Every structure is written in C-alpha cells, then in structure tokens.
Amino acid sequence: MNIDFSADELAFQQEVSTFLAEEFPEEIRNKTANSIELGKDDYVNWQKILAKKGWAATNWPVEYGGTGWTPTQKYIFGNECAKAGAPEVMAFGLKMVAPVIYSYGNEEQKQRFLPDILASNVWWCQGYSEPNAGSDLASLKTTAVREGDEYVVNGTKTWTTLGQHADWIFCLVRTGAADVKNQNAISFLLIDMKTPGINVSPIYLLDGSPEVNEVHFDNVRVPVENLIGEEGKGWTYAKVLLTHERTNIAGVTDSKNRLKELKEKAAATSDGMPGSHSMLSDNPAWQQKVAELEIDLLALEYTELKTLAAVSTGKAPGPESSILKIKGTEIQQSIDLLNVEMAGYYGLPFVRDQFMDGFDGVPIGPDQAAASAPIYFNNRKATIYGGSNEIQTNIICKAVLGL
Amino acid sequence: MDFSYSEEQQMLQDSISKFINTEYDWDSRQAIAKSETGFSADHWQMFAELGWLTVPFKEDDGGFGGSAVDLIVTMEEFGKGLLVEPFLANTILAGTLIAEAGSSEQKTELLTPLMEGNVQLAFAYAEPQSRYELANIQCSAVINGDEIVLNGHKSVVINGAAAEKILVSVRTSGDACDREGVSLLWVDANSAGIQRNSYASVDGQRAADIWFDNVTLPTSNLLGNAGEAIDVIEKTIDRAALAICAEAVGAMQMSLLKTVEYSKIRKQFNTTLSTFQALQHRMANMFIEVEQAKSILLMAAIEMDRLNGKAPKALSAAKSRIGKAARLVGEESIQIHGGIGVTDELDVGHYFKRLTAIQFSFGSTDYHTARFAAS
C-alpha cells in the first residue's frame with residue numbers, strides 16, 4: 001500500500017503549481033480571497049487562459065481537445081487549483097454538455113459546438129429541474145412536440161444556475177406520448193437562448209443573490225438538428241453523465257483550505273467566552289469542534305483517494321460517490337457555521353454590496369466576517385442540489401446494502 | 001403545580017396573536033422589512049396604544065408588570081410573526097437599563113416617552129473586539145467636572161439607525177476587561193461627533209455601527225453610579241437573551257408547522273413527501289426539539305421571576321438548549337423543503353435566518369453552555 005505520487009506525477013504537480021503561480025490572474029485571486037462575487041468575465045477570462053494552455057477540458061478525450069489526463073493527474077490539477085484559490089471551470093459547458101455531445105452527438109454537432117465550448121466563447125446553462133420535478137427528475141413535464149423540422153417546446157425549467165449569462169441551454173424534454181414510461185419519453189435538446197419565446201426570470205436566494213433562474217419556454221421553436229442522439233434516450237445520456245462526471249464532488253481541498261483559514265483567524269479573534277482564554281483558538285470547546293471536523297475531513301480525504309485509486313484501475317465510480325457527496329457537503333456546511341460562530345455579532349450585518357466588485361464604502365466588521373452568514377444560508381443548497389443527500393442515502397440503501 | 005398563564009397574560013397573548021394573524025401576514029411583513037426605516041411607525045403607535053410597550057416594566061414604573069413570564073408570552077407571539085418592529089431594542093434592552101439604573105428624572109425623560117411610543121432607543125454595548133464579553137469595553141468616557149467626553153466604536157447596534165437616543169456602555173476607569181470601571185450613559189443620537197453606518201441585518205431587522213469622536217455630554221446623562229454598571233448590563237442582556245429564546249420558540253413552532261404542511265402537499269415519486277418515513281422521523285425530531293425548547297424556556301422564566309431577574313445559570317441552560325434546537329429546526333426545515341427553502345421568496349428561509357441570528361446574539365450556544373458549566 002502506497003499513497004505517494006510517482007516521480008512523473010510529482011513533476012506534473014510542480015508544472016501545475018508553476019503555471020498557476022504565473023498565469024492565474026491576481027485580480028481573480030484577490031476576489032476569491034476576499035469573498036468578492038466572481039462575474040461572468042472572471043470565469044471566461046480564466047477559462048480562456050486554461051484553454052490557451054490546453055488545460056480547459058480535463059475530462060475530454062484528446063481527439064476533441066481534452067488533456068487526456070489520468071484520474072490522478074485530474075486530482076492533482078483540482079487540488080492545485082483549489083490551493084491557489086482558482087475557481088473551478090463552469091461545469092455546464094465543459095463538464096456537462098460537452099461529454100454528451102462528443103459521446104452521443106453526430107459529427108456536425110461535434111464540430112458546431114465543441115470548439116466554442118473549449119474556447120469558452122459560449123456560456124451554457126442546464127435545463128433539468130422543474131418546479132414539480134426536483135429529486136424526482138424523471139417526472140419532468142416540459143414538452144417538445146415535433147412539427148416538421150422543428151420541436152415546439154413548452155414548459156418551465158428552474159434552479160438554472162447563472163442562466164442570466166447563458167447563450168445556450170441544454171434541456172431534458174418530454175418528446176414521447178403521455179403514456180410512455182417516464183424515462184423512455186425524455187430527450188436531450190440544445191436550445192439557443194435567443195430563440196423567441198424564452199423568458200428568464202431570476203430567483204433570489206437567502207443571501208440575496210440572483211444566482212439561479214426560472215427559464216420559461218412558450219412555444220419555442222427548436223430545429224430538429226439540435227436533438228442529441230435519439231429521441232427517448234435523453235435520460236440515459238444524462239444519467240451516464242452524472243455518474244462519470246462528478247469530479248471534485250467532495251470539495252476536500254477547498255474544505256482543507258477553509259479550515260486552515262478558519263484556524264488562522266480564530267488565533268486572531270478574541271475569545272469573549274466565559275473563562276480565561278484570550279483567543280478563540282485557545283478555547284477548548286472551539287478546539288474540540290475544529291478537531292472533530294478536521295478528523296472527519298481526513299477520513300473523507302482517504303475515502304476520496306480510495307475512490308481515485310479504483311477509478312485509476314479502470315473501475316467506474318460507484319456508490320462511493322454518494323459518500324463523497326454526503327460527507328463532503330456536510331463538512332462544508334459545518335465549516336460555514338463555524339465561520340458564522342467566529343464572526344460573533346459581525347455575522348449579523350447583511351451588507352451584500354460590500355462583497356461586490358468595486359465596493360468603495362466603509363466595510364462593516366473585520367475581514368469577511370459579514371460574508372459568513374450569507375455563505376452559510378446560501379450553501380444550505382449543497383445538501384439539496386446534485387441529487388439531494390436523501391437521494392444519495394437511498395442510493396447507498398439500494399445499490400450497496402441491497403435494501 | 002400550575003403552568004397556565006394568568007388571565008392578563010392570556011389576554012395579552014390573544015391580542016398579539018390576533019394582530020399577527022390578521023395584520024402581519026407574510027407579504028405585509030416583507031413590505032415593512034424592505035421599507036426605508038425597516039419598521040412600521042403605525043404599528044409602533046398601535047403597540048403603544050394597546051399597552052404592549054409597557055409589558056417589560058413594573059407597575060411602579062407605569063408598566064404592565066414586567067415579569068419574565070409576561071416577556072416570554074409576548075416574545076413568543078412576536079416570534080411567530082417574525083416581527084421586525086424594534087420591540088427588543090427599545091423596551092427590553094434600553095428600557096430595562098433605564099428601569100433598573102435610571103433616576104426618577106431619567107425615567108420621566110426616557111421611559112415614559114418610550115412606553116408612549118414617542119421615542120426610539122437603542123443600547124450600544126458590543127465592540128469589534130468584545131464578542132460576547134460585556135466588560136470588554138474600549139469605548140472611553142472621561143468625566144471632567146460636569147462634562148463627559150466620549151470616544152470609541154460600537155458594533156452592530158440593533159435599532160441603531162432609527163434610535164433618537166442611544167444608551168452606551170463605556171469605560172470610565174480600569175483596564176479593558178475589568179468589571180469595575182464600566183459605566184452607562186445615554187447620548188442624543190444627533191450630538192456632534194457621532195457617526196452612524198446603518199444597514200439591514202440578515203434577519204431583516206436594522207442595525208448600525210456607531211463611532212463616537214469627542215462627543216460631549218453632561219454628567220447628568222450617566223445612569224447609576226460611574227464605574228458600577230456591569231451588573232445591570234449583565235442583567236439586561238440576560239433578559240434580552242430570555243426574550244429572544246421565547247422568540248425562537250415562536251419561530252420554531254411556525255417553521256415546523258410550515259414544514260409539515262409543505263410535506264403534505266409536495267409530491268415527488270407520485271406521493272407526498274409526508275409519506276416517506278425517513279422524513280417523518282426527522283419532523284418528529286424537530287417536534288421533540290420544539291417541546292424541549294418550550295419546557296426549558298418556562299424553567300428559565302420561572303427561575304428569573306423567582307430570583308429577581310438574576311438567574312444566570314437557568315438562563316444559560318435555556319439559551320444553550322434553545323440554540324441547539326433552533327439550529328436543528330432551522331436547518332431541517334430548509335432541507336425538507338428542498339430548493340424552494342433556500343429562496344428569498346418563501347417565509348421558511350426567513351425563520352431560519354432569524355433563528356440563526358438568535359443563536360449568535362447575547363451569547364452563542366457555546367457561550368451559554370460554558371457559562372452554565374462555570375456557574
């Protein structure tokens with residue numbers, strides 16, 4: 001048993017680290033370090049830098065412009081990016097729709113869509129969930145009815161992350177007759193957001209951000225050539241994608257960074273608790289909580305490495321990814337709450353402007369204390385999205401325990 | 001043994017409950033919270049007319065009675081409606097200080113208009129470095145003859161923006177965390193040298209950071225003796241902690257109710273969420289938490305009334321236990337609602353936000369667990 005990286009892997013790690021030090025823009029680094037919300041331009045700029053290096057598409061096959069990296073290389077790259085504070089690439093184009101296009105699309109579709117995704121010329125968003133189809137995604141009701149060379153799309157998609165920036169949306173739509181079994185009636189359709197009849201309305205979350213949207217389709221006419229693969233196979237395509245492309249779902253490196261930062265800040269925060277501890281970091285109750293979390297994170301890190309080792313030998317990630325999702329998001333949320341706790345009274349101000357680009361007023365509270373509660377509120381979504389933790393638990397019950 | 005409310009308490013509860021149910025629906029509450037001042041002056045006047053602003057005060061001071069049980073009856077109902085009107089800042093924080101430490105002239109000048117709804121008050125006590133330690137005060141007040149010069153920075157003052165008069169905890173002698181040397185004074189909010197930076201808080205209320213730069217005021221603005229204010233400040237903050245515990249109990253009941261109701265209408269996999277046993281058990285656990293919270297709240301209120309308002313161990317037990325319940329009920333309500341629970345539009349997220357703010361006000365859950373252990 002051996003968890004060391006090989007000499008080649010260590011050299012690769014060095015190469016990534018050097019690249020990040022040289023190429024990752026200082027401006028974006030400062031924003032992430034100060035909890036400033038990243039804009040569309042920040043993501044696009046960074047992705048274009050990655051694309052220039054040939055590292056934008058870490059999960060694509062080489063023939064389409066991917067890196068061809070091993071799972072361990074992808075893991076190293078993700079880790080180094082998180083260490084450097086570099087944001088993950090927007091998943092919708094590079095990690096979600098592109099694999100469906102190169103796996104199931106025709107030649108014309110590949111040539112039409114993949115280069116622009118690789119170069120980050122086009123912003124994609126995801127049209128899966130609907131107001132009445134959340135955890136039970138297969139019950140989706142958006143219809144695409146064929147009329148000649150077009151589909152006429154009607155319905156509503158929701159939780160469309162950053163859909164306000166999107167040029168294109170990939171949707172799961174119902175093409176089959178009403179009596180066809182749910183999964184066999186679903187198709188995978190690409191839709192230009194400029195098509196008449198599409199209306200995007202923001203949904204404000206508990207932190208006040210318009211991060212997600214509802215996308216309404218009212219008799220939207222979509223050329224038949226935008227269908228990926230076969231009618232009625234959309235569910236299969238989406239499902240394959242979900243099991244294979246859940247990279248960095250546990251967020252271990254990010255959580256490690258945040259815990260480290262939390263400990264540093266606690267050493268500079270007065271305790272203010274009963275007893276004679278001068279700093280919060282000296283308080284045994286605080287120490288205990290942070291230690292328990294660190295230990296839980298260490299276990300998760302090794303669970304992730306075990307999964308990585310299995311994937312490296314060619315096995316598909318199985319229900320282990322459910323453990324990564326459940327424990328990873330629970331740990332993230334525990335760190336969120338410890339940050340609120342550390343902020344004390346400065347967790348109360350709701351000063352969203354302070355964390356927007358270009359704020360020039362008098363900041364309230366030290367460092368990012370006032371960002372802590374909005375982050376805690378917003379990130380309650382983590383145990384809900386991507387297959388809620390209850391759904392992940394069901395997967396373990398059925399697929400692992402045979403219950 | 002009798003846990004029932006008195007007839008007067010019952011009437012008080014009914015009248016607040018009626019107000020919340022008929023005039024404080026969710027849309028109205030949101031409209032008020034998003035208005036410029038963040039609360040309704042009309043509601044405030046009505047509270048005065050109905051005598052609610054006298055609830056925390058003794059009959060001798062012209063109040064309703066001022067028992068801890070009166071307080072929790074009131075705050076529990078306000079918690080159900082997620083009231084944003086500054087009842088806590090005015091009557092419980094500022095009001096208790098004046099009632100406990102003020103001279104009869106000061107009571108006439110401050111307490112009477114407060115009960116009549118004619119003045120807005122706030123208590124500035126926290127500082128950037130203090131967290132929950134009330135004696136950790138760097139704000140300095142230098143007494144020179146019959147004049148006081150005030151300097152310093154107070155953090156997150158609830159109702160700090162609307163306040164016309166601000167009560168301030170200051171250091172008149174001693175070192176940063178000494179219990180001796182802490183004094184209490186009030187200052188006109190429009191005095192020269194005061195700068196306020198006001199903002200909404202995460203729970204839809206209003207607060208401000210306040211800077212004092214050589215603010216001068218007469219020594220007659222001191223409440224009580226110079227250097228001896230820490231006891232009354234602690235008593236007041238404990239009273240405020242009890243009040244928000246009651247508010248949390250009200251908010252938790254609503255959060256649970258709304259979650260159970262939603263689970264009965266939300267369908268996934270061709271059935272309502274309420275039919276999944278995994279979720280049923282979680283809602284049952286939320287119910288147990290709410291009942292435990294109600295019980296320990298009553299314990300603390302009874303102890304406070306029995307011990308003349310000074311029951312730190314009982315109060316800490318309640319704040320610790322209710323903080324734990326508030327976290328579980330708030331977080332589980334969101335999780336069981338799913339995505340819709342994380343939106344600004346639905347009320348359940350706002351109960352969660354207020355329940356979170358309560359956990360970290362007037363001593364966090366851990367603070368009170370540690371104080372319980374130490375007392």
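Domain bounds here come from an automatic or database domain assignment. On that basis, chain A of this predicted model splits into three pieces: domain 1 covers 7–89, domain 2 covers 123–236 and domain 3 covers 249–400. Taken over C-alpha atoms, the centres of domain 2 and domain 3 of chain A sit 32 Å apart. Where these two domains of chain A meet, each puts in six residues. On the domain 2 side of that contact in chain A, the mix by class is two nonpolar, three polar and one charged.

Turning to the two chains, the contact between them takes in 37 residues of chain A and 39 residues of chain B. Helices α10 (320–343) and α11 (369–378) of chain A each supply at least two residues of the side that touches chain B. Sorted by class, that side of chain A comes out at 21 nonpolar, 10 polar and six charged residues.

Next comes the packing of nonpolar residues. In soluble globular proteins, nonpolar side chains tend to be buried together. In this model, the largest nonpolar core counts 156 residues, and the ones with the most contacts inside it are Leu185(B), Leu242(B), Cys245(B), Ala248(B), Leu297(B) and Ala300(B). Helix α7 of chain B, residues 230–265, gives the largest share of this core, with 14 residues. Leu242(B) is a good place to look. Leaving aside residues up to four places away in sequence, Leu242(B) touches Ala68(B), Leu71(B) and Ile72(B), along with Ala300(B), Ala301(B), Met304(B), Leu315(B) and Ala318(B). One of these partners, Ala300(B), is itself among the residues with the most contacts inside the core. Another core, of 57 residues, lies apart from this one; among its members are Ala82(A), Phe113(A), Ala133(A) and Val173(A).

Chain B also has strand pairings worth following, with β3(B) taking part in two of them. Strand β2 (residues 140–144) runs antiparallel to strand β3 (residues 147–158) in chain B, and five bridges join them. Within this pairing, Ser140(B) has Asn151(B) in β3(B) as its bridge partner. The two strands form a hairpin with two residues between them, and there Gly145(B) takes a positive phi near 65 degrees. β3(B) also pairs with strand β7 (residues 206–218) of chain B, again in the antiparallel sense, this time over nine bridges. In that pairing, Val157(B) stands opposite Ala208(B) of β7(B).

Key: Residues numbered from 1 in each chain as written. Chains lettered and ligands numbered in written order. Predicted model: local features only at pLDDT ≥ 70, side-chain atom pairs only at ≥ 80, totals over all residues. Core = buried A, V, L, I, M, F, W, Y, C linked by C-beta atoms within 7 Å. Buried ≥ 20, exposed ≤ 12 C-beta atoms within 10 Å, placed from the backbone. Helix = DSSP H or I, 4+ residues; strand = E, 2+ residues; numbered from the N terminus. Contact = placed C-beta atoms within 7 Å. Pairing = 2+ DSSP bridges. Nonpolar A, V, L, I, M, F, W, Y, C, P; charged D, E, K, R; others polar.
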